[in-house]
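User: I'm new to this one and would like to know what the labels on it rest on. Could you walk me through them?

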Amino acid sequence: MVLNARRLLLAPGEPASILLAFEDVTERRRAEAAIRQLGAIVEGSEDAIVSTTLEGVITSWNRGAEQMFGYTAAEIIGRSGLELGLWSDPAERDACLEKFRESGQLRDYAAQLVLRGERIPHLINGMLIPTDDGAVVLWEFKDISQQTQALLAAEESRSFYQQV
């Protein structure tokens with residue numbers, strides 16, 4: 001509960017009055033706590049979580065994105081995702097975006113991204129989120145290089161033992 005009080009002067013010589021207003025802020029505080037919790041989850045994720053405008057301008061960038069791509073949020077917010085030069089094959093980028101445009105979402109799209117000069121396998125997820133001003137796109141990039149290496153090693157081992 002929040003109590004607001006205001007002294008009211010009605011007319012000269014009249015006694016002052018006090019206006020009291022009580023406001024139940026329970027729901028607002030719950031919503032604020034939920035927002036803080038979601039923010040902590042996003043910031044704590046090892047995956048890169050990025051939001052963009054529909055035109056591709058980056059509007060948010062979590063710590064996972066900083067670690068994965070090597071840019072701080074201050075360096076990248078307001079710039080285009082194209083400026084990062086992540087796609088080794090522009091046709092692959094176009095195919096990814098076309099798939100996203102078809103349904104307004106993207107689930108586990110496998111792509112090779114270029115990070116520090118090396119092609120790294122990633123899964124990309126995207127979701128269109130309506131806002132009061134239109135919409136934003138939420139992107140998640142997951143580095144799957146370790147899983148890919150483990151699968152290749154298991155396949156090589158299986159092939160080796162089948163030959164023996």
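Analyst: Happy to. Start with a cut-off: a residue counts as buried under 20% relative accessible area, as exposed over 50%, and as partly exposed in between. Keep in mind that this is a predicted model.

User: Okay, so why is R116 called exposed?

Analyst: Exposed means over 50%. R116 has 66% relative accessibility, so R116 counts as exposed. You'll find R116 in the loop between β5 and β6.

User: What is the phi of R116?

Analyst: Phi of R116 is near 55°, a positive value in a residue other than glycine. D108 also has a positive phi, about 50°, although D108 is not a glycine. D108 sits in strand β5, residues 105–115.

User: And D108, is that one buried or exposed, or partly exposed?

Analyst: Partly exposed: the relative accessible area of D108 is 44%, and the class in between runs from 20% to 50%.

User: What makes L115 buried?

Analyst: The cut-off for buried is under 20%. L115 has 6% relative accessibility, so L115 is counted as buried. L115 is part of strand β5.

User: Which residues does L115 touch?

Analyst: Leaving out residues up to four places away in sequence, L115 touches M68, F69, L86, I120 and H122. A touch here takes heavy atoms within 4.5 Å. As for E98, the C-alpha atoms of L115 and E98 are 23 Å apart, with their positions 17 residues apart in sequence.

User: How do you know that P12 is exposed?

Analyst: P12 has a relative accessible area of 84%, and exposed asks for over 50%. So P12 earns the label exposed. P12 is in the loop between β1 (2–8) and β2 (17–23).

User: How far apart are P12 and F69?

Analyst: Their C-alpha atoms are separated by 67 Å, and the two residues are 57 apart along the chain.

User: Why is V136 called partly exposed?

Analyst: V136 has a relative accessible area of 23%. Buried would need under 20%, and exposed over 50%. So V136 is partly exposed. V136 lies in strand β7 and touches T52, M127, L128, I129 and T131, not counting residues up to four places away in sequence. Between V136 and E155 there are 40 Å in space, C-alpha to C-alpha, and 19 residues in sequence.

User: And what makes A31 partly exposed?

Analyst: Again it's the class in between 20% and 50%: A31 has 37% relative accessibility, so A31 counts as partly exposed. A31 is in helix α1, residues 26–44. The C-alpha atoms of A31 and D94 are 38 Å apart, and the two are 63 residues apart along the chain.

User: Now the whole chain. Which elements does it have?

Analyst: Five helices and seven strands. Read from the N terminus, their order is β-β-α-β-β-α-α-α-β-β-β-α.

User: Why is the chain called more spread out than a compact globule?

Analyst: The radius of gyration is 25 Å, while the globule rule gives 15 Å for 164 residues. The chain's value is well over that, so the chain is more spread out than a compact globule. The C-alpha trace spans about 105 × 35 × 30 Å along its principal axes.

User: How much of the chain is buried?

Analyst: Buried residues make up 24% of the 164 residues. The accessible surface of the chain is about 11600 Å², and 54% of it belongs to carbon and sulfur atoms. Among contacts between residues at least 6 apart in sequence, 28% join residues at least 24 apart.

User: What lines the largest pocket?

Analyst: The lining has 26 residues, and T52, G56, R93, L97 and W139 lie nearest the centre of the pocket. α4 gives the largest share, five residues. β3, β4, α4, β6 and β7 each supply at least two. The space in the pocket is about 540 Å³.

User: How many residues of that lining are nonpolar, polar and charged?

Analyst: By class, 17 are nonpolar, six polar and three charged.

Key
Residues are numbered from 1 along each chain as its sequence is written. This is a predicted model: local features need pLDDT of at least 70, side-chain atom pairs count only at pLDDT 80 or more; totals for chains, interfaces and linings use all residues. Side-chain values use heavy atoms; hydrogens and water are left out. On a 1 Å grid over the protein atoms alone, a cavity is a set of points where a 1.4 Å probe fits but cannot get out, and a pocket is an open set with protein on both sides within 12 Å along at least five of seven lines; lining residues have an atom within 4 Å of a point. Grid points are joined across faces, edges and corners, and a volume is the space filled by probe spheres set on the points. Helices (H or I, at least four residues) and strands (E, at least two) are DSSP runs, numbered from the N terminus. Ala, Val, Leu, Ile, Met, Phe, Trp, Tyr, Cys and Pro count as nonpolar, Asp, Glu, Lys and Arg as charged, and the others, Gly among them, as polar. The radius of gyration is taken over C-alpha atoms; the globule rule is 2.2 Å times the number of residues to the power 0.38. Buried means under 20% relative accessible area, exposed over 50%, partly exposed in between (1.4 Å probe, protein chains only). Accessible areas come from the Shrake-Rupley method with a 1.4 Å probe; for residues, only the protein chains shown count as cover.
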